[in-house]
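Trainee: I would like a close look at a single part of this chain, followed by an account of how the rest is arranged. Please take it step by step.

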Amino acid sequence: MITFLVAIALLLIGYAVYGKIAEKIIAPSAERKTPAYTMQDGVDYIPMPTWKIFMIQFLNIAGLGPIFGAVLGAKFGVSAYLWIVIGCIFIGSVHDYLSGMMSLRMNGANLPDIVGKFLGDKTKLVMRIFTVVLMVMVGAVFVSGPAAILDKITPDFFNANFWIAVIFIYYVIATLLPIDAIIGKIYPLFAIALIFMALGVFCMLVFGGYGASLPEITEGLQNTHPKASSTPIFPIMCITIACGAISGFHATQSPLMARCLKNETLGRRVFYGSMILEGVMALIWAAAAIWYYQENGLEEGNASLIVDFITNTFLGKLGAILALLGVVFAPITSGDTALRSCRLILADFLKLNQKQISKRLMISIPLFLACAGVIIYSLSDKDGFNIIWRYFGWSNQALAVFTLWSITVYLHQEKRQWLITFIPAVFMTLVCGTYLFIAPECFALNHTLSYIIGTLLTLICTATFIIKMNKKK
């Protein structure tokens, strides 16, 4: 229990201390006008209250990641706490804050444009394709989970297929309408439900006695995963627990709020702060999952069933329904903003102004059809959802690698302290490079060989960066 509480305290301290360091490096200015005013269009560029932007940003980046990812990552033991704390403070929050600020200073530019500016046009094209595919996968994987939960807590005639159709229709509406029409009005309420759920679980862990037997870091960081021999902590856990520590998906969402922020100095509160809150949520669910595995064993792999069991045990029937609704809202609201981001990325590429609904439909209809195709595949194959989710996890972290290297180049060019993202970029390159060769769903090579290849790839990327930066200098 002490380790769990200390971990949460460290996240809060990280916001106050390391967040301030990151803020000094980027040097926000209250005098510089933001794109919410300079490019206001009534659809995507709209000045909004800071508290509302924070809630929307938090809900956008949360999704299933800090819940399902933390639940599955908790199988590795107490090391999950360590990764969430270190990853969130020094990698994830810095990644979210600086990428959001870069978008803010580039008139709300989308991630592929940011990456392309600093890593070249070829990388920009790759990133456009990569990001669009990832956004479509996000929209698809964040339908099935909520639909399965709603199927359990509603009458039989409202089955999973019915809820999939309802959620998808909502996706269409939220993607097309101005950002303050639906997202700006209902997201804060959904965020409150998600926070309520996490607070309820936290209180039962601390004050309800459920957390009394939680292991401490002093007992060691041994791998407790039931398939420990084939599932090493590094790099598998770093991919499994993504959104609670570091997620490239977040950098695709930050431009949405960069287009609505009234003042640059509010960036740390919105971007860095929302990631810290997500880290707190991930810690709470990791601790609750560790309790669950102590009670029921480590073999259960269905995260939605584990969440259902925890909320029913901790919060009772009514509390569990409210909590599960929070779990439902989070992924749905990440799914619709993923498709919205995708629309804006394609609009920038095609140079189509999005003020007219007809031009939004030109981009959105093919997008919806692609997303529907992925959903149908995930339903037609019994393991379809799990396959999409695993590839989404790796793609998510690979996206973070590109973003971190782009920020590093930007900071280097601006003669700022670029080590703040250089070290995370090197580390995440090592994570993704090694995972590609070691993971069962990828090449599944010998562990030692995978570590060697991953290290070589990382050294090549690092050397390339240093050589190119020295040439430019």
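Where is the place of Ala-27?

Mentor: The model is a predicted one. Ala-27 sits in the loop between helix H1 (2-26) and H2. Its phi is near 50°, a positive value in a residue other than glycine. Most residues other than glycine have a negative phi, and most peptide bonds are trans. Ala-27 counts as partly exposed because its relative accessibility is 35%, and the partly exposed class runs between 20% and 50%.

Another residue has a backbone of this kind. Lys-351, also not a glycine, has a positive phi of about 55°. Lys-351 lies in the loop between helix H13 (303-350) and helix H14 (357-380). With a relative accessibility of 73%, Lys-351 counts as exposed, since the exposed class begins over 50%. A further backbone feature is the cis peptide bond that joins Phe-234 and Pro-235, with omega about 5°. Pro-235 belongs to helix H10 (residues 233-240).

On the far side of the loop that holds Ala-27 comes H2. This helix covers residues 35-38 and contains Ala-36. Ala-36 has a relative accessible area of 0%, so it is buried. Leaving out residues up to four places away in sequence, Ala-36 touches Tyr-45, Ile-46, Pro-47, Arg-259, Cys-260 and Leu-261. The C-alpha atom of Ala-36 is separated by 49 Å from that of Gln-222, 186 residues along the chain.

On the other side of the loop is H1 (2-26). Phe-4, with a number inside that range, is one of the two residues with the most contacts inside the largest nonpolar core; the other is Trp-285. This core has 151 residues, and its largest share, 19 residues, comes from helix H12 (residues 267-296). Not counting neighbours within four places in sequence, Phe-4 is in contact with Tyr-81, Phe-202, Leu-205, Val-206, Leu-214, Leu-283, Ile-284 and Ala-287. In soluble globular proteins, nonpolar side chains tend to be buried together. Helix H4 (residues 65-73) is mostly covered as well, with 8 of its 9 residues buried. The buried ones in H4 are Gly-65, Pro-66, Ile-67, Phe-68, Gly-69, Ala-70, Val-71 and Gly-73.

Next, the rings. The structure holds 27 aromatic pairs. In one of them, Trp-83 and Phe-427 have ring centres 5.9 Å apart and planes at 40°, so this pair is tilted; the tilted class lies between 30 and 60 degrees. The pair links distant parts of the chain: Trp-83 is in helix H5 (residues 79-105) and Phe-427 in helix H16 (residues 419-438), 344 residues apart. Trp-83 is buried at 7% relative accessibility, whereas Phe-427 is partly exposed at 29%. Helix H16 also supplies Phe-422, which pairs with Trp-405 of helix H15 (residues 384-413), 17 residues apart. The rings of Trp-405 and Phe-422 are edge-to-face, at 5.9 Å centre to centre and 75° between the planes. Both Trp-405 and Phe-422 are buried. Elsewhere, ring pairs link Tyr-210, Trp-291, Tyr-292, Tyr-293, Phe-309 and Phe-314 into a cluster. A charged side chain also meets a ring: Arg-268 lies over the face of Tyr-15, at 4.7 Å from the ring centre.

For a polar example, take Asp-113 in helix H6 (residues 111-119). Asp-113 is buried, with a relative accessible area of 17%. Its side chain makes a polar contact of 3.4 Å with the side chain of Lys-124. Apart from residues up to four places away in sequence, Asp-113 touches Met-106, Lys-124, Arg-128 and Asp-348.

Finally, the whole chain. The secondary structure comes to 17 helices and 0 strands. The radius of gyration is 21 Å, close to the 23 Å that the globule rule gives for 473 residues, so the protein is as compact as a globular protein of that length. The C-alpha atoms fill a box of roughly 55 × 50 × 40 Å along the principal axes. Of the 473 residues, 58% count as buried. Among contacts between residues at least 6 apart in sequence, 81% join residues at least 24 apart.

Methods:
Residues are numbered from 1 along each chain as its sequence is written. This is a predicted model: local features need pLDDT of at least 70, side-chain atom pairs count only at pLDDT 80 or more; totals for chains, interfaces and linings use all residues. Side-chain values use heavy atoms; hydrogens and water are left out. Helices (H or I, at least four residues) and strands (E, at least two) are DSSP runs, numbered from the N terminus. Buried means under 20% relative accessible area, exposed over 50%, partly exposed in between (1.4 Å probe, protein chains only). A polar contact is a pair of N or O atoms within 3.5 Å; within protein, one must be able to donate a hydrogen and the other to accept it, and residues adjacent in sequence count only if both atoms are side-chain atoms. Contact means heavy atoms within 4.5 Å. Rings of Phe, Tyr and Trp (its six-membered ring) pair if their centres lie within 6.5 Å; planes under 30 degrees apart count as stacked, over 60 as edge-to-face and the rest as tilted. A charge sits over a ring if NZ of Lys or CZ of Arg is within 6 Å of the ring centre and within 35 degrees of the ring normal. A nonpolar core is a set of buried Ala, Val, Leu, Ile, Met, Phe, Trp, Tyr and Cys residues joined through side-chain atoms within 4.5 Å. The radius of gyration is taken over C-alpha atoms; the globule rule is 2.2 Å times the number of residues to the power 0.38.
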